[in-house]
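I opened a new page for this structure today. My topic is charged side chains and how they pair.

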Amino acid sequence: MNMNSKIISYINSNTNSSPLAVFRIGFGLMMLYSILRFWNKGWIYTLYIEPKFHFKYYGFNWIKDLGDYTYIIFVICIISSIFITIGYKYRLSMVLFFLSFTYIELIDKTTYLNHYYFISTLSFLMIFLPANAYFSIDNISRKKSYKEIPKWSIDCIKLLLSIVYFYSGLAKINSDWLFNAMPLKLWLPSKYDIPLIGETFMQQEWVHYFMSWGGMFYDISIPFLLLYKKTRIIGFILVIFFHLFTGVLFPIGMFPYIMIVGSLIFFDYSVHEKIIKWIKKIIEPIRRRIIIYNNIKEEKIIIKKKKIIMSIISVFFVIQLFLPFRYLLYPSELFWSEEGYRFSWRVMLVEKIGYTTFKIKNNKNESYFYVNNEEFLTSFQEKQMSFQPDFILEYAHFLGDYYTSKGYLDVEVYADSYVSLNGRSNKRFVNSEVDLYKEKESFKNKKWIIPIDDEIKGF
């Protein structure tokens, strides 16, 4: 059998639909709880409504906060999460969730986290998967259920999860993480208040190195442990331990639980059938009232517009495979300049502390004054801005526009910035003689960033 025949055979092969149904339910519940938690903590107001200025991703300046109406976007997220969980109007619900969740994340890049990006990419992928084929309200409305679905629809999620893990592991193969135990050496001693291990283990240097190397080996190996049936249980136990432990150590929200629930998709369908059977017992009183449920017929699923869907998914994975390596196009040190850093599954590799002030200067008479950043930025925004070059440039342009609109003439904007990377001493970060108001944002190398006199070797 030649390669083309094998590909066609794989694309046409089917498998039990219960793993995707369980994944849909788990995803919906995790998203519902995450958004309600976010709302309950008051973060909608403090992160999206209170700030006077929002930092935008390049090319997405048109994304605006809606003031108090921003809550409506979160309501859409909540409703669509519920509908995804029960499998009602699944395709529409998934599209609405992807658009609303991603819109929220695009309002202000100050809130960027790898797992938010993961949710956006995963929710986009799920739009094209038949996750409502089995055990969904949609089965009732169409009086059809599909016990089998294309094998690739489940393997797509496995592949995305594997990319996240494996690329996270590759990123940890660098000199700071492995040979200097940075930044864990800075973070772990502060966890002295953790019962039993805080005052003893968290203070030991060998623990810092052990966790650095252990984290790297875990991320690289876990996809293979989960894929191979004989090691799957061991892999899943490691997933539970690793994510719960990191959840205790670091404030990373729902991400550990999302990854634990997501990893269930690697198990055989028999496991998911048991989970669905358990869920059926819980909702039995509701199911009894839906008499029409008994008239559902099992049929063979037919994927409409299959070629278009496969093309979209193929392009999606090509992007996921190559986007993390775009940093190779830049001559600067990645951890220092962060050019090509985001969207590459580089998780918890950097501890940067910065201090950046801005000088507004009149080009004609040489008069100048310094800006009080607190007048325009929240403390969280100022912290993130102080060590990220694209933030610094965008804020400089905001200041230039602001003071020009106030009647100031021939405005120039200069930044005096110092940054510490992974425990190194403070170093000048931005060329203080460059008028940032004249510099344009682009994907090109930012030559006004002063190179760090050190090299971090690795991926």
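These entries follow the salt bridges I looked up.

**Entry 1, the count.** I began by noting that the model is predicted. How many salt bridges does the structure hold? I found 16.

**Entry 2, Glu-205 and Lys-185.** I looked up this pair and found a salt bridge between the side chains, at 3.8 Å from N to O. Glu-205 sits in helix 11, residues 205–227, and Lys-185 in helix 10, residues 184–187. The two are 20 residues apart, and the pair links distant parts of the chain. I checked exposure next. Glu-205 has a relative accessible area of 49%, so I logged Glu-205 as partly exposed. Lys-185 is partly exposed too, at 25%.

**Entry 3, Lys-229 and Asp-268.** Their side chains meet in a salt bridge, with 3.4 Å from N to O. Where do the two residues lie? Lys-229 is in the loop between helix 11 and helix 12, and Asp-268 is in the loop between helix 13 and helix 14. The pair therefore ties together parts that are 39 residues apart in sequence. Lys-229 is exposed at 58% relative accessible area, whereas Asp-268 is partly exposed at 31%.

**Entry 4, Asp-453 and Lys-427.** I found the closest N and O atoms of this salt bridge 3.4 Å apart. Lys-427 belongs to strand 8, and Asp-453 to the segment after strand 8. They are 26 residues apart. Is Asp-453 exposed or buried? Asp-453 counts as exposed, at 62% relative accessibility. Lys-427 is partly exposed, at 22%.

**Entry 5, a network.** Last, I noted Lys-109, Arg-342, Asp-390 and Glu-394. Salt bridges with shared partners join these residues into one network.

Terms used. Residues are numbered from 1 along each chain as its sequence is written. This is a predicted model: local features need pLDDT of at least 70, side-chain atom pairs count only at pLDDT 80 or more; totals for chains, interfaces and linings use all residues. Side-chain values use heavy atoms; hydrogens and water are left out. Helices (H or I, at least four residues) and strands (E, at least two) are DSSP runs, numbered from the N terminus. Buried means under 20% relative accessible area, exposed over 50%, partly exposed in between (1.4 Å probe, protein chains only).
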